[in-house]
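Trainee: Before I accept any label, I would like to see the value behind it and the definition it is set against. Could we go through them together?

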Amino acid sequence: MSVRQIRMFGDSSLRDVAEPVTAFDRSVRDLVRALTATMRAGAGRAGLAAPQIGVPLRVIAFEVEGRAGHIVNPRLEVSGRLIRADEACLSAPGMWWPLERSFSAVARGRDMYGKPITVRAIGTLARVLQHEADHLDGVLFVDHLPAEERERFLAAIP
């Protein structure tokens, strides 16, 4: 599957809310493969959401600490325990910023064939799932930063 171009911060399509997948056909499987190939080709390579490659559907791919996969129409349940760690985004390459997120998460959704799946995650994988799920709602990780930090982050983007 071919690597797709990743939309960068400033692209207004990253602010759109993605639509749920309703038909689990070949196009969904092709999208998952394209997301995975594009994610693996990028710097950082922890996760990627379909809107980042210009497809407004609720699909994410991830590969963190030996766990790889995808979730279609993910729904997240997050813990109340928060942890602050550096976070980055393939839509703002080379930029890292400390951000507080839930330490653990459970993601429920479907695989590319429509079968139910559950991903239980802690630490980095939980952070990646939250980050990618945000993309599906048009939320960028800088939106979670206090205003002053967000301004510094946006000013630092080359």
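Mentor: Let us start with α1, where V28, L31, V32, A34, L35, T36, T38 and M39 are buried, buried being under 20% relative accessible area, exposed over 50%, and partly exposed in between (1.4 Å probe, protein chains only). This is a predicted model, in which local features need pLDDT of at least 70 and side-chain atom pairs count only at pLDDT 80 or more, while totals for chains, interfaces and linings use all residues. Residues are numbered from 1 along each chain as its sequence is written, and side-chain values use heavy atoms, with hydrogens and water left out.

Trainee: What covers the buried residues of α1?

Mentor: The cover includes β1, β2 and β3 (67-78), where contact means heavy atoms within 4.5 Å. Helices (H or I, at least four residues) and strands (E, at least two) are DSSP runs, numbered from the N terminus.

Trainee: How do you know that the span of α1 agrees with its 16 residues?

Mentor: The expected span of a helix is 1.5 Å times one less than its number of residues; for α1 that gives 22 Å, and because its end C-alpha atoms are 23 Å apart, the two agree.

Trainee: Why is the pair R15 and D143 called a salt bridge?

Mentor: A salt bridge is a side-chain nitrogen of Lys or Arg within 4 Å of a carboxyl oxygen of Asp or Glu, and the side chains of R15 and D143 meet at 2.4 Å, N to O. R15 lies in the segment before α1 (26-41) and D143 in the loop between α2 (123-136) and α3 (147-156), so the pair ties together parts that are 128 residues apart in sequence.

Trainee: What makes R15 partly exposed?

Mentor: Its relative accessibility is 40%, which falls between the two limits; D143, with 28%, is partly exposed as well.

Trainee: Which residues do D137 and R58 bring together, and is R58 buried or exposed?

Mentor: Their side chains meet in a salt bridge at 3.0 Å, N to O. D137 lies in the loop between α2 and α3 and R58 in the loop between β1 (47-49) and β2, so the pair ties together parts that are 79 residues apart in sequence. R58 has a relative accessible area of 15% and is therefore buried, whereas D137, with 38%, is partly exposed.

Trainee: How many salt bridges does this rule give?

Mentor: The count comes to 11 salt bridges.
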